[in-house]
Amino acid sequence: MNKSTELRQKVDQYLDTLIERYYREVPYGDHFISGEEVSDEYYVRHTKEIALRIRQKRIIDSLVIHYFAKTNSMLAKKWANYTDDEMMHGQMFAKDLERAGYATVEEVFRSSPMLSTKLLNGYFMWTLEHEGPLASLASAYYLEYTGLKTQPSWVDNLEKVKGQDNLKGARQHINHDLEEDHSSFVWNVLYESMGPEPDEDKLFEHLSALYGLLAGYGVELYQTTILGKDVYDANSLVPAASVEQACVA
């Protein structure tokens, strides 16, 4: 077994524990796979956030390409191809909301992201500026891997509740990532970017932080949609939840 495969297996095992932990600890974390009646408000807000997060992430990815353009032209080319492939995926999710009559695509992209979504992309901006692209690349692998482990069952259930026609974008996104084997592609770029002596501790540090930020997002989503708390009260909980989740082993 080569070093890349060995490290990937360790990362995958860690991500599997994070998936289980999210379902176990984040309120409503398993709502899309266990709910026979899915909350409209929760579903709509979550789908909007996916579209908005992808829009923000493509800006981050352009900065990753800029970084690689100065340091490794082959990785710049590879990440440019990946970014091109992912560039319009936010529209897939926005179109699902439009088909179901919840919001037009234009209304989705006029929405302001939740604080937790802003914090997530702010983490990428800071690390890019001061450390390099590892956090952003790690997040791409995190989302590709965990997405393929969780999204098919989520969409299966949501199709039963919301109708297949209203989940076309989400299903297309899953099928595309499977066909293109995005998780393996992203892993190869991630591993190559780390150089001959990869800093495994730093990689796992980023993965832990990313889980905390995503768990904080889950808390904010639950607070603002299911509990219906005032947005300012809910937002005050997001940074604390992110730090707590990231620091607990």
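A residue counts as partly exposed when its relative accessible area falls between the buried class, under 20%, and the exposed class, over 50%. In this predicted model, Tyr28 has a relative accessible area of 34% and is therefore partly exposed. Tyr28 sits in the loop that runs between α1 (3-25) and α2 (31-34), and its backbone deserves a look as well, since Tyr28 is a residue other than glycine whose phi takes a positive value, near 65°.

A second loop residue can be read in the same way. Pro198 belongs to the loop between α10 (182-193) and α11 (200-226), and with a relative accessible area of 21% it is partly exposed, because that value is not under the 20% that would make it buried. To place Pro198 in the wider model, one may take Arg99 as a reference: the two residues are separated by 99 residues in sequence, while their C-alpha atoms lie 45 Å apart in space.

The helices on either side of Pro198, α10 and α11, also lead to the largest pocket, for α10 and α11, together with α3 (40-71), each supply at least two residues of its lining. The volume of this largest pocket is about 210 Å³, and among the 14 residues that line it, those closest to its centre are Tyr67, Glu131, Pro133, Leu134 and Ser193. The greatest contribution to the lining of the largest pocket comes from α3, which gives three residues. In terms of residue class, the lining of the largest pocket is made up of six nonpolar, five polar and three charged residues.

From the open pocket one can turn to the enclosed spaces. Searching the whole structure yields three cavities of 30 Å³ or more, and the second largest cavity holds about 50 Å³ of space. Which residues line the second largest cavity? They are Glu49, Arg53, Ser116, Thr117, Leu120, Leu213, Leu214 and Tyr217, and the elements that each give two or more residues to this lining are α3, α7 (115-130) and α11. By class, the lining of the second largest cavity comprises four nonpolar, two polar and two charged residues.

Taken side by side, the two linings draw on some shared elements: α3 and α11 supply at least two residues each to the largest pocket, and α3 and α11 are also listed among the elements that give two or more residues to the second largest cavity. Beyond these, α10 is named for the pocket, and α7 is named for the cavity.

Terms used: Residues numbered from 1 in each chain as written. Predicted model: local features only at pLDDT ≥ 70, side-chain atom pairs only at ≥ 80, totals over all residues. Heavy atoms only, no water. Helix = DSSP H or I, 4+ residues; strand = E, 2+ residues; numbered from the N terminus. Buried < 20%, exposed > 50% of the residue type's maximum accessible area, 1.4 Å probe, protein only. 1 Å grid on protein atoms, 1.4 Å probe; cavity = no way out; pocket = protein on both sides within 12 Å on 5 of 7 lines; lining within 4 Å. Points joined across faces, edges and corners; volume = space filled by probe spheres on them. Nonpolar A, V, L, I, M, F, W, Y, C, P; charged D, E, K, R; others polar.
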